[in-house]
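The following report describes selected local features of one protein model, with attention to packing, a pocket and a few backbone details. Please read it alongside the sequence and the coordinates.

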Amino acid sequence: MLRNKSHKELIKLSQNLIQPLLPQFHKGQAGKVCVIGGNEDYTGAPFFSSHSAALVGADLSHVICEKQAAPVIKSYTPDLMVHPYLLDLENPSLKIDDDELHRLKNLSIEEILESNSGVLTKIIDDLILPKVQTLLSKSDIVVVGPGFGRDPLMLKTLVRIIEEIKVLNKPLILDADSLYLLSIQPQIITNYAKAIITPNVVEFQRIAKKFNIDIDLSKKYSQDTLIDQTQQISDKLGNVLIIRKGENDIIANTKAVVVNSHPGSNKRVGGQGDTLTGAIATLVNWSNNYLDSVWGNKVELDADDAHILACYAAGTLVRVASDKAFKKYGRSMQTSNIHEFLHEAFRDLFDDSIFRLNSNI
C-alpha cells in the first residue's frame, strides 16, 4: 500500500498519527519514553535521543545511564529525568577483587555473555535490575543503545534488560551499541514483533555477516538490491522492522517497504542518528496510541503501515530540521542546532497538534 505513494501522500497519511493535545489528557498520555544508554565516555548520545523525543512531543523523557555518566547528562538540561542505575566494570563502588576483575577483562564479549559468572549475575540481579524494572514498567516505549559502550558488564546487563522489556511486552528500539550486541546474539530480539532496529551501513553489514549475507561496503548496490537485503535480514529476525540508514533510508519488514529520499543536510554530525532515534520513539508511540484510538480517532491503517509511517515521518522530520540547521550554520552545524529546528520542522510537516483541537479528528 505505502511503497507506491509519493512523499507528499506519505506525509499526509502520517498526519493521522500525530496525537492532538486534548484538554482532558493527563501528563504522560502523549508518551513516556525511556532511553537506556550513556557511560563515562559517551554522554551526548543518550541526551540527544531523549531530548529529541521530548522536543518532538513526548510528555516524559527518561535516561537510564551508567552511574558515572549521570552528573554530566544532568548538567545538560533539567528537562530530562536521569537515573544512574547502570554500572560498568570500572565503577569503584563495585569493589570487585583485582584478580577477578583481571580475569573478566581478559574474556571476550562472547564469553562474558555466555558465561554464568556469579559475580556479574549477582551485580545485575541485586544492584541494577530492581531499579531498572520499576522504570521500565512505567514506560510506553524503550530505546536501548545510545552511548552504551561495550563494557562487558554493561552488555551483559543489556541482555537482561531486553529480556525484561520482552516480558513486559513493551515496544523496543535498538540503536548504536545495542546493534553490536545484536550482531553477536541476534536471538535477543528474534520474533519479537515490537522490536525496531536502526542500523547504519556498518552496523547493517555486521548483522548481515552474522546471517552469512555478504555485503561489500565499497560496492554501490541498486535500490532493489538494498531493499531485498533489508527484507532478508527482517525475515531472519522474524519480521522485525528495520530502518536502514543511508543516503536514502530503507524502512522495511518482510511485508512492506518505504524508501525515504527526502533531502536533508550535506553535513554529517555525530549525534544526528541519536536525534532520529528519539523522534522515532515518540512517533511510534503515537502510532500505537492511534491504533488504540486513544483520542477517539478512526483507525484506517494496520499496525505494519502505522509503524512504517511513523518511522518515515520521524526520518523526514530530522532531515527537514537538519536542512534548516545547515542553511543557518553551514559547516559549523552541530546536532544541538538540529534540535533548535525540530519544532519548526514539525510545524512545516504536520501542523501543530493544538490546532486540531476543534477539528474533526
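## Helix packing

The buried residues of helix 1 pack against strand 9 (257-260), helix 12 (303-329) and helix 14 (342-350). As with everything that follows, this description refers to a predicted model. Helix 1 spans residues 7-14, and its buried residues are L10, I11, L13 and S14. Because these residues cover an arc of only 160° around the axis, they lie on the same side of helix 1. The face turned away from that buried side carries K8 and K12, both of which are exposed.

Helix 8 (residues 177-184) is mostly covered, since eight of its eight residues count as buried. These buried residues are D177, S178, L179, Y180, L181, L182, S183 and I184. They pack against helix 5 (109-114), strand 4 (141-144), helix 7, strand 5 (172-174), strand 6 and helix 9.

## The largest pocket and the annotated positions

The largest pocket has a volume of about 790 Å³. There are 33 residues lining this pocket, and the closest to its centre are N200, K245, R268, Q272 and G273. Helix 9, helix 11 (272-291) and helix 12 each contribute at least two residues to the lining.

An unreviewed UniProt entry places the feature "binding site" at G147, N200, V201, V202, E203, F204, Q205, R206 and D274. From this set, the lining of the largest pocket takes in G147, N200, V201, V202, E203, R206 and D274.

Two of the annotated residues can be described in further detail, beginning with N200. N200 is located in the loop that runs between strand 6 (195-197) and helix 9 (201-210). Its relative accessibility is 29%, and N200 therefore counts as partly exposed. A polar atom of the N200 side chain lies 2.8 Å from the backbone nitrogen of E203, and E203 is itself among the positions that carry the annotation.

R206 lies in helix 9. With a relative accessibility of 29%, R206 counts as partly exposed. When neighbours within four places in sequence are left aside, R206 is in contact with R150, Y180 and S183. Of these contact partners, Y180 and S183 appear among the buried residues of helix 8, and the buried residues of helix 8 pack against elements that include helix 9.

## Two buried positions within helices

Which residues does T157 touch, once residues up to four places away in sequence are not counted? T157 lies in helix 7 (residues 152-168), and the residues that it touches on this basis are L86, I124 and I128. At 1% relative accessibility, T157 counts as buried.

N285, for its part, is found in helix 11, one of the elements that supply at least two residues to the lining of the largest pocket. N285 has a relative accessible area of 4% and is therefore buried. Again not counting residues up to four places away in sequence, N285 touches A30, G31, D140 and I141.

## Loop positions and backbone geometry

Most residues other than glycine have a negative phi. Against that background, N169 has a positive phi of about 60° although it is not a glycine, and the phi of N239, likewise a residue other than glycine, is positive at near 70°. The table sets out the location and accessibility of these residues, together with those of P92.

| Residue | Location | Relative accessibility | Class |
|---|---|---|---|
| N169 | loop between helix 7 and strand 5 | 42% | partly exposed |
| N239 | loop between helix 10 (223-236) and strand 7 (241-244) | 22% | partly exposed |
| P92 | loop between strand 3 (81-86) and helix 4 (98-105) | 59% | exposed |

The assignment of N239 rests on the cut-offs in use, because buried means under 20% relative accessible area and exposed means over 50%, with partly exposed in between; at 22% relative accessibility, N239 therefore counts as partly exposed. P92, by contrast, is exposed, with a relative accessible area of 59%. The C-alpha atoms of P92 and Q68 are separated by 9.8 Å, and these two residues are 24 residues apart along the chain.

Technical notes: Residues numbered from 1 in each chain as written. Predicted model: local features only at pLDDT ≥ 70, side-chain atom pairs only at ≥ 80, totals over all residues. Heavy atoms only, no water. UniProt positions renumbered as here; feature names shortened; annotations may be inferred. 1 Å grid on protein atoms, 1.4 Å probe; cavity = no way out; pocket = protein on both sides within 12 Å on 5 of 7 lines; lining within 4 Å. Helix = DSSP H or I, 4+ residues; strand = E, 2+ residues; numbered from the N terminus. Buried < 20%, exposed > 50% of the residue type's maximum accessible area, 1.4 Å probe, protein only. Polar contact = N/O pair within 3.5 Å; in protein donor to acceptor, adjacent residues only side chain to side chain. Contact = heavy atoms within 4.5 Å. Arc of directions from axis to C-beta. Points joined across faces, edges and corners; volume = space filled by probe spheres on them.
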